[in-house]
Amino acid sequence: EAGDDDDEEEEEEEGALEALFAQVGAFDGTPGWLTIDAMPTFDKAGLGAPDVKIMHIFTTGWALGNFKGKRRGIEADYQVWYPDEVGSTTGHIWTQKLLAADYGRTRSWVAVRKDPAAAVAARRAAAAIASVGEGEGEDDEPTGIEGREAQDSGAGRGVWRPGAGRGRRGKSQARGRARG
């Protein structure tokens, strides 16, 4: 009888997973991340590495989460933090069974690693954006919307302020040097 209950439970889980895939679809990758084909280990070199995340299927779609470690005292239960929404700094820790049998693109979870090529491309794009407008004027003041936002944000460490493009001397120092 106990064996029959286990078989029925497995069939229910398979049916639920099939229904979920019919609704959401199999994992087909996410921009900037590479799928790890073989299930990684549950340590700092595997799922605990800073460039590794977990993609898990939910009724709302595939979610990117941070592996937090094993839940104490419970076999195969692990804690994973998922943001409330994409890009959010708030979220919740979910306890999940991360079983080898459930690992893969057509199963309930998969691990992904940050794509180094995408990271390089993002840094190059950021550098290209930052270099736009360099050398256009004597004062090297920011132009466009970025310049207005910096002006509106006030003076502060790393923030453009009037006179900052004139080198280390402000207007009064420059006048004093010219007189003396």
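**Exercise 1. Trp33**

Task: In this predicted model, decide whether Trp33 is buried or exposed. Then place Trp33 in the secondary structure.

Solution:
- Step 1. Take the relative accessible area of Trp33, which is 15%.
- Step 2. Apply the cut-off: buried means under 20%.
- Step 3. Trp33 is therefore buried.
- Step 4. Find the element. Trp33 sits in strand E1.
- Step 5. Look across the chain. Ala118 is 85 residues away along the chain, yet the C-alpha atoms of Trp33 and Ala118 are separated by 7.9 Å.

**Exercise 2. The fold in outline**

Task: State how many helices and strands the chain has, and give their pattern along the sequence.

Solution:
- Step 1. Count the elements. There are four helices and six strands.
- Step 2. Read along the sequence. The pattern is α-β-β-β-β-β-β-α-α-α.
- Step 3. Add the burial figure. Of the 180 residues, 26% count as buried.

**Exercise 3. The nonpolar core**

Task: For the largest nonpolar core, name the residues with the most contacts inside it. Then find which element supplies the largest share.

Solution:
- Step 1. Take the size. The largest nonpolar core has 24 residues.
- Step 2. Pick out the residues with the most contacts inside this core: Leu47, Ile54, Trp62 and Leu98.
- Step 3. List the elements that each supply at least two residues of the core. They are helix H1, strand E1 (33-36), strand E2 (52-58), strand E3 (61-70), strand E4 (77-83) and strand E6 (109-114).
- Step 4. Find the largest share. E2 gives five residues of this core.

**Exercise 4. Salt bridges**

Task: How many salt bridges does the structure hold? Work out which parts of the chain each pair ties together.

Solution:
- Step 1. The total is two salt bridges.
- Step 2. Take Asp51 and Arg113. Their closest N and O atoms are 3.1 Å apart, and a salt bridge needs these within 4 Å.
- Step 3. Locate both ends. Asp51 is in the loop between E1 and E2 and Arg113 is in strand E6, so this pair ties together parts 62 residues apart in sequence.
- Step 4. Check accessibility. Asp51 is partly exposed at 28%. Arg113 is partly exposed at 31%.
- Step 5. Turn to Lys97 and Asp77. This salt bridge has its closest N and O atoms 2.9 Å apart.
- Step 6. Lys97 belongs to strand E5 (residues 91-97) and Asp77 to strand E4, so the pair ties together parts 20 residues apart in sequence.
- Step 7. Check accessibility again. Lys97 is partly exposed, with 45% relative accessibility, whereas Asp77 is buried at 8%.

**Exercise 5. A charged patch**

Task: Which residues gather in the patch of negative charge on the surface? Classify Glu8 by its accessibility.

Solution:
- Step 1. The patch consists of Glu8, Glu9, Glu10, Glu11, Glu12 and Glu13.
- Step 2. Place Glu8. It lies in helix H1, which covers residues 2-24.
- Step 3. Take the relative accessibility of Glu8, 47%.
- Step 4. Partly exposed lies between the limits of 20% and 50%, so Glu8 counts as partly exposed.

**Exercise 6. Leu64**

Task: Where is Leu64 found, and what separates its C-alpha atom from that of Ala111?

Solution:
- Step 1. Leu64 is in strand E3.
- Step 2. Its relative accessibility is 30%, so Leu64 counts as partly exposed.
- Step 3. Leu64 and Ala111 are 47 residues apart along the chain.
- Step 4. Their C-alpha atoms are separated by 9.2 Å.

Definitions and conventions: Residues are numbered from 1 along each chain as its sequence is written. This is a predicted model: local features need pLDDT of at least 70, side-chain atom pairs count only at pLDDT 80 or more; totals for chains, interfaces and linings use all residues. Side-chain values use heavy atoms; hydrogens and water are left out. Patches are made of residues with over 30% relative accessible area and no salt bridge: like charges are joined within 9 Å, nonpolar side chains (Val, Leu, Ile, Met, Phe, Trp, Tyr) within 5 Å. Accessible areas come from the Shrake-Rupley method with a 1.4 Å probe; for residues, only the protein chains shown count as cover. A salt bridge is a side-chain nitrogen of Lys or Arg within 4 Å of a carboxyl oxygen of Asp or Glu. Lys and Arg count as positive and Asp and Glu as negative; His and the chain ends are not counted. The place of a charge is taken as NZ of Lys, CZ of Arg, CG of Asp or CD of Glu. Buried means under 20% relative accessible area, exposed over 50%, partly exposed in between (1.4 Å probe, protein chains only). A nonpolar core is a set of buried Ala, Val, Leu, Ile, Met, Phe, Trp, Tyr and Cys residues joined through side-chain atoms within 4.5 Å.
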